[in-house]
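Reader: I have a two-chain model open and would like to go through it with you. Could you show it and explain the reasoning behind the labels you use?

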Amino acid sequence: MIEIIFDSIPSFWPEITIALTFVISMIVEFIVGRKGKASTGMTTGFVVLLGLVVTIFQLPFQDLEPRLLFGTMVAVDPFSAFFKYLILATGIIIVVFSMQSRELREQETVGEFYCFIAAMTFGMLLMTGASNLLMVYLAIELVSLSSYILAGFSKKQKRSGEAALKYVLFGGASSAVMLYGISLLYGLTGALDFSSIQAALAGGVAVHSVHSFPILILASLMILVGFGYKISAVPFHFWTPDVYEGAPITVTAYLAVASKAAGFAVMIRFFYVTFFDSFVDLGHWVSLPHIDWVMMIAILSVLTMTLGNLVAIWQDNLKRLLAYSSIAHAGYILMGVVAMSDLGLTAVMLYFLIYFFMNLGAFYVVMAIADRIGSEHIDDYRGLAKRAPLIAAGLSVFLVSLTGLPPLAGFIGKWMLFSAVIEANLIWLAIIGVVNSAISLYYYARVFRNMYLREPMDGDDSPIRFSPLVIVITILFIIPNLIFGIYFGPLVTYAQNSIELFLR
Amino acid sequence: MLEIGLTHYLIVSALLFCLGFLALTIRRNAVLMLMGIELMLNSANINLIAFSRYQGLMLDGHVLALFVIILAAAEAAVALAIVLHIYRTHNTVEADRISSLKE
């Protein structure tokens, strides 16, 4: 037993490092935070930044031969490594963003903010590799608990506390439902690790009995509730708009990109390993008989993207608009899961890479503007093209990319998703996806119209000045959106090389 | 004499789960809603222990139940801190009256 643990530790260094970062940053915050009352939290911020950078630089040295660590708890494979890169890169960028955010600097104890970013990142790294329901539950709870605290971090803003309360109630409820589902599945199959559950189900446990088959369906649906809440799929999305609007904007960006990616990683691993007959026939996954997962997730995907896009039309707050847009994007990404093929998985991962650039860019620009003009309301964006041409151009690029119009990067992501779905003979789903992209153009266009075609409110067209750092970061995010729309070969290759999952 | 078996435990846990869910949906007081969540978590615990005991399984179920107890305590700590903060800013813990964020 002890040998298993010692053998596993070398492959577990990234997670250990980030856990240590959390502990050390807590101690640093305790020492630094007490002296000066007007602490900006920068010291703790830099400690966490250093920890994240050290962690991400350990990843290339990992042996990615698919295998399990600590018995059956955590899997190491190219699939989890891909999501770890994505999550850590997002974490680094979020820490950098947070250091500039005025909303956070107004807090008294901003140092603790970075500690919880580290804790949340640790949880998400575990989620990408979790291959035992115990680990899945623990990792999801670790991420949830840290994000409850982060969502309510702006203590001076009433809406932040409200966001945290709604988040804790919805999050607690859905994780309790998921846990009940886990307990039922444990009772049916007698195991908690994915491969044993798959073996039991493939061996006919619970599938052929009239009594236990409905329970199996119920258990799987309850577990789906937990994942649906993490990726904010309709109908488990109710918390998303409120939390995204109320939370500090850097937390919103982190939830929208990294937390969603981790949710997809754990969901894909669970469904592909547990419910599929793991037999890969020319890159296609064959589902265990009796449960029509394809149809079920396809319906979830259609609901998610349609509702996200339709409700976004009515939003006047940019943060809330981006929240609904991120719900819609979860719907698009679910199309790649539905395809149940290697091409589908590649499309999901490619989409996440591109989503990373376009969504973080959009959130950053909204944050920079809110820091200057103190508002996220769409009416305050009137005449922005005259007042801050470069920032307005940046926001336009990100929004066009989110719409998925060529020649920007978002188009490539959508194109891959649609082709994966068409290859899986679900043409109706692809059509709904295209219609949805058209709808989404409408509400993004409202932002363009306000920025470019309308006169500023109160006739105030004085230029808004941004610090050089803001401009540099905006340009750094614009470039990949432009380049990857044309030169996307390396991204596709990287995604293709990362789809290998540990099976058994 | 009636032998207490797996089925009885499962019925109790299903009832407990439904009661918790009812509390969550009907009650508007944030603290009572949190208590509903606790009931749901504990119903799952009963399931885990009962399955583990009566189906002669390994200790997985017991271990998961232990972890759930710990996590429930952690979650309660965070949630109650948030409720306390809400009470300071809003002077109420009724979920319906805390609604500045609306469509």
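**Reading the model, label by label**

Author: Gladly! Confidence in chain A is lowest in strand 3 (residues 276–281) of chain A, with a mean of 62, and highest in helix 7 of chain A, at 94. This is a predicted model, and where pLDDT is low, the predicted coordinates should not be read in detail.

Reader: What are the mean pLDDT of chain A and the scores of the model?

Author: Chain A has a mean pLDDT of 88, with 95% of its residues at 70 or more. Chain B averages 89, and 96% of its residues score at least 70. The model scores ipTM 0.95 and pTM 0.93.

Reader: How do you know whether chain A agrees with a compact globule or not?

Author: For 504 residues, a compact globule would have a radius of gyration near 23 Å; chain A comes to 22 Å, so the two agree. Its C-alpha trace spans about 70 × 55 × 40 Å along the principal axes. Chain A holds 21 helices and 4 strands, and 60% of its 504 residues count as buried. Of its contacts between residues at least 6 apart in sequence, 78% join residues at least 24 apart.

Reader: And chain B: what is its radius of gyration, and why does that matter for calling it compact or spread out?

Author: Start with the elements: chain B has 3 helices and 0 strands, running α-α-α from the N terminus. The globule rule gives 13 Å for 103 residues, but the radius of gyration of chain B is 17 Å, well over that value, so chain B is more spread out than a compact globule. The C-alpha trace of chain B spans about 55 × 25 × 25 Å along its principal axes. Buried residues make up 34% of chain B, and 46% of its contacts with a separation of 6 or more are between residues 24 or more positions apart.

Reader: Which elements of chain B make up the side that touches chain A?

Author: In total, 36 residues of chain B are in contact with 31 residues of chain A. The elements of chain B giving two or more residues to that side are helix 1 (6–26), helix 2 (30–54) and helix 3 (60–90). Helix 3 of chain B gives the most, with 17 residues. By type, the residues on this side of chain B divide into 25 nonpolar, 8 polar and 3 charged.

Reader: Back to helix 7 of chain A. How do you know whether its span agrees with its number of residues, and what makes it enclosed?

Author: At 1.5 Å a residue, the 19 residues of helix 7 (residues 133–151) of chain A should span 27 Å; the end C-alpha atoms are 26 Å apart, so the span agrees. As for enclosure, 19 of the 19 residues of helix 7 of chain A are buried, so this helix is largely enclosed by the rest of the structure.

Reader: Is A:Thr121 buried or exposed, and how do you know?

Author: A residue is buried if 20 or more other C-beta atoms lie within 10 Å of its own. A:Thr121 has 33 within 10 Å, so this residue is buried. A:Thr121 is in helix 6 (residues 110–129) of chain A. Leaving aside neighbours within four places in sequence, A:Thr121 is in contact with A:Ile18, A:Leu52, A:Ile87, A:Leu88 and A:Gly91. A:Val143 is 22 residues from A:Thr121 in sequence, and their C-alpha atoms are 7.5 Å apart.

Reader: Which of the two labels, buried or exposed, goes with A:Met340, and which with A:Asn425?

Author: A:Met340 has 22 C-beta neighbours inside 10 Å and therefore counts as buried. A:Asn425 has 9 C-beta neighbours inside 10 Å; the limit for exposed is 12 or fewer, so A:Asn425 counts as exposed. A:Met340 lies in the loop between helix 14 (318–338) and helix 15 (342–373) of chain A, and A:Asn425 in the loop between helix 18 and helix 19 (427–453) of chain A.

Reader: What is phi at A:Met340 and at A:Asn425?

Author: Phi of A:Met340 is near 55 degrees, a positive value in a residue other than glycine. Phi of A:Asn425 is near 60 degrees, again positive in a residue other than glycine. Most residues other than glycine have a negative phi, and most peptide bonds are trans.

Reader: Where are the cis peptide bonds at A:Pro235 and A:Pro407, and what is omega in each?

Author: The bond from A:Val234 to A:Pro235 is cis, with omega near 5 degrees; A:Pro235 lies in the loop between helix 10 (212–230) and helix 11 (239–246) of chain A. The bond joining A:Pro406 and A:Pro407 is cis too, with omega about 10 degrees, and A:Pro407 is in the loop between helix 17 (389–403) and helix 18 (409–423) of chain A.

Definitions and conventions
Residues numbered from 1 in each chain as written. Chains lettered and ligands numbered in written order. Predicted model: local features only at pLDDT ≥ 70, side-chain atom pairs only at ≥ 80, totals over all residues. Rg over C-alpha atoms; globule rule 2.2 N^0.38 Å. Contact = placed C-beta atoms within 7 Å. Nonpolar A, V, L, I, M, F, W, Y, C, P; charged D, E, K, R; others polar. Expected span 1.5 Å × (residues − 1). pLDDT = per-residue confidence, 0-100.
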